Amino acid sequence: MKRDYSLLGEDARRAVDCGLAAAEWYHSDVPRKEMKELMARSDQPAIRDTILLYGLMILFVVLAIWLWPSWWSAPFWLAYGVLYGSASDSRWHECGHGTAFKTRWMNDVIYNIASFMVLREPTVWRWSHARHHTETMIAGRDPEITVPRPANLPGILADFLYLNSGFIELRKIVGHAFGRVSPAVREFVPEAERPKMIRVSRIYVAVVAVTTAGAAALGSPLPLLFVFLPRFYGAWFHQLCVLTQHAGLAEDRRDHRLSTRTVAMNPVARFLYVNMNYHLEHHMFPTVPFHALPRLHEAVKDQMPPPYDGFLGAYREILPALIRQA
């Protein structure tokens with residue numbers, strides 16, 4: 001049967017009736033002292049990674065513009081796109097948790113910059129992601145279930161260029177810019193936060209409109225290749241990673257070990273993904289900063305399923321599951 005994943009539908013009511021909403025979840029045992037050390041925040045790792053990320057972005061885009069319109073510019077646009085459209089999504093996520101930096105304003109600045117880059121209105125997604133962590137993979141309660149059942153395989157493939165979810169987000173942002181707020185958004189965004197949501201959406205629309213007008217005036221796609229389009233042509237790495245998080249795993253279970261994966265990845269992938277490959281540990285202990293997740297993994301690995309052996313190991317399970325679910 002096709003499930004109702006809307007936040008106001010039958011499955012949402014069933015989750016409340018069954019006690020799945022705001023339920024207590026399983027947690028692995030970590031000694032209090034060790035957990036306190038793991039939760040310690042620091043500015044240094046995030047400052048280092050942020051300087052490296054934006055430094056590489058500047059380098060790649062300068063080289064791409066310098067070589068334009070030669071095809072030699074293409075590899076630099078593609079590299080810039082991955083940093084803009086995929087690595088920025090990871091920064092949006094971690095700064096949204098407030099754990100990337102110790103200093104709050106640093107989290108807020110990078111969160112808002114990254115939110116625009118990945119086309120996620122920051123107020124909506126801050127509250128949406130809080131609900132996602134509270135009620136992970138609970139149908140009708142979690143607004144961020146990436147692969148509802150039955151699996152939409154064409155939509156999943158389209159999101160390697162952000163063409164499915166991206167246009168959904170664009171419609172939402174434009175709607176908010178005109179003051180139209182859907183009942184689903186009203187379900188988890190407090191009324192006091194909605195004016196800010198509408199104001200920021202209008203800024204997003206204005207920036208994209210001005211960039212598009214600039215590209216038309218110049219008769220060149222360069223402004224859009226720099227600001228807007230990288231979210232789409234650089235989204236493939238984010239989609240490759242995000243499917244490893246929960247796709248094909250259990251729904252409606254109060255144990256993250258049944259609904260979330262940890263995947264062993266190489267250092268470059270971990271940098272781009274901000275250690276979110278340790279996703280099971282992150283969901284079980286979301287207040288642990290990204291730089292401490294490898295240590296947390298070592299502390300609880302005996303209480304967890306073994307990590308998947310890279311992307312190949314994860315997709316050996318994901319692909320058959322999605323095909324069956326489709």
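**Exercise 1. Find which helices help to line the largest cavity, and describe that cavity.**

Solution. Helix 3 (44-67) and helix 4 (74-97) each supply at least two residues of the lining of the largest cavity. Helices here are DSSP runs of H or I with at least four residues, numbered from the N terminus. The model is a predicted one, in which local features need pLDDT of at least 70 and side-chain atom pairs count only at pLDDT 80 or more, while totals for chains, interfaces and linings use all residues. Residues are numbered from 1 along each chain as its sequence is written, and side-chain values use heavy atoms, with hydrogens and water left out.

Step 1: the term. A cavity is a set of points, on a 1 Å grid over the protein atoms alone, where a 1.4 Å probe fits but cannot get out; lining residues have an atom within 4 Å of a point. Grid points are joined across faces, edges and corners, and a volume is the space filled by probe spheres set on the points.

Step 2: the lining. The residues around the largest cavity are A46, D49, T50, R91, E94, C95, A100, F101, V274 and F290.

Step 3: the volume. The largest cavity has a volume of about 70 Å³.

Step 4: the classes. Ala, Val, Leu, Ile, Met, Phe, Trp, Tyr, Cys and Pro count as nonpolar, Asp, Glu, Lys and Arg as charged, and the others, Gly among them, as polar. The lining of the largest cavity then has six nonpolar, one polar and three charged residues.

**Exercise 2. State how many cavities of 30 Å³ or more there are, and describe the second largest.**

Solution. Step 1: the count is two cavities of 30 Å³ or more.

Step 2: the second largest cavity holds about 50 Å³ of space.

Step 3: its lining consists of M137, I145, T146, V147, R149, H246, A247, G248, L249, E251 and Q325. By class, five of these residues are nonpolar, four polar and two charged.

**Exercise 3. Explain why C241 forms no disulfide.**

Solution. Step 1: a disulfide is a covalent bond between the sulfur atoms of two cysteines. The rule used here asks for a pair of cysteine sulfur atoms within 2.5 Å.

Step 2: the closest cysteine sulfur to that of C241 belongs to C95 and is 17 Å away, so the two are too far apart for a bond.

Step 3: the count of disulfides by this rule is zero.

Step 4: C241 counts as buried because its relative accessibility is 1%. Buried means under 20% relative accessible area, exposed over 50%, and partly exposed in between (1.4 Å probe, protein chains only).

**Exercise 4. Describe the surroundings of H132.**

Solution. Step 1: H132 sits in helix 6 (residues 122-134). With 3% relative accessibility, H132 is buried.

Step 2: contact means heavy atoms within 4.5 Å. Apart from its neighbours within four places in sequence, H132 touches D142, P143, E144, H246 and H283.

Step 3: the side chains of H132 and D142 are joined by a polar contact of 2.9 Å. A polar contact is a pair of N or O atoms within 3.5 Å; within protein, one must be able to donate a hydrogen and the other to accept it, and residues adjacent in sequence count only if both atoms are side-chain atoms.

**Exercise 5. Decide whether V210 and T211 are buried or exposed.**

Solution. Step 1: V210 lies in helix 10 (residues 194-218), and T211 is found in helix 10 too.

Step 2: V210 has a relative accessible area of 60%, so it is exposed. T211 has 12%, so it is buried.

Step 3: P223 is 13 residues from V210 along the chain, and their C-alpha atoms are separated by 9.7 Å. Leaving aside neighbours within four places in sequence, T211 is in contact with P223, L224 and V227.

**Exercise 6. Locate the backbone features at P69, P150, Y162 and N275.**

Solution. Step 1: W68 and P69 are joined by a cis peptide bond with omega about 5°; P69 is in the loop between helix 3 and helix 4.

Step 2: R149 and P150 are also joined by a cis peptide bond, with omega about 0°. P150 is in the loop between helix 6 and helix 7 (153-158).

Step 3: Y162 is not a glycine, yet has a positive phi of about 55°. Its place is the loop between helix 7 and helix 8 (165-177).

Step 4: N275, again not a glycine, has a positive phi of about 60°. N275 lies in the loop between helix 15 (267-273) and helix 16 (279-284).

Methods. 1 Å grid on protein atoms, 1.4 Å probe; cavity = no way out; pocket = protein on both sides within 12 Å on 5 of 7 lines; lining within 4 Å.
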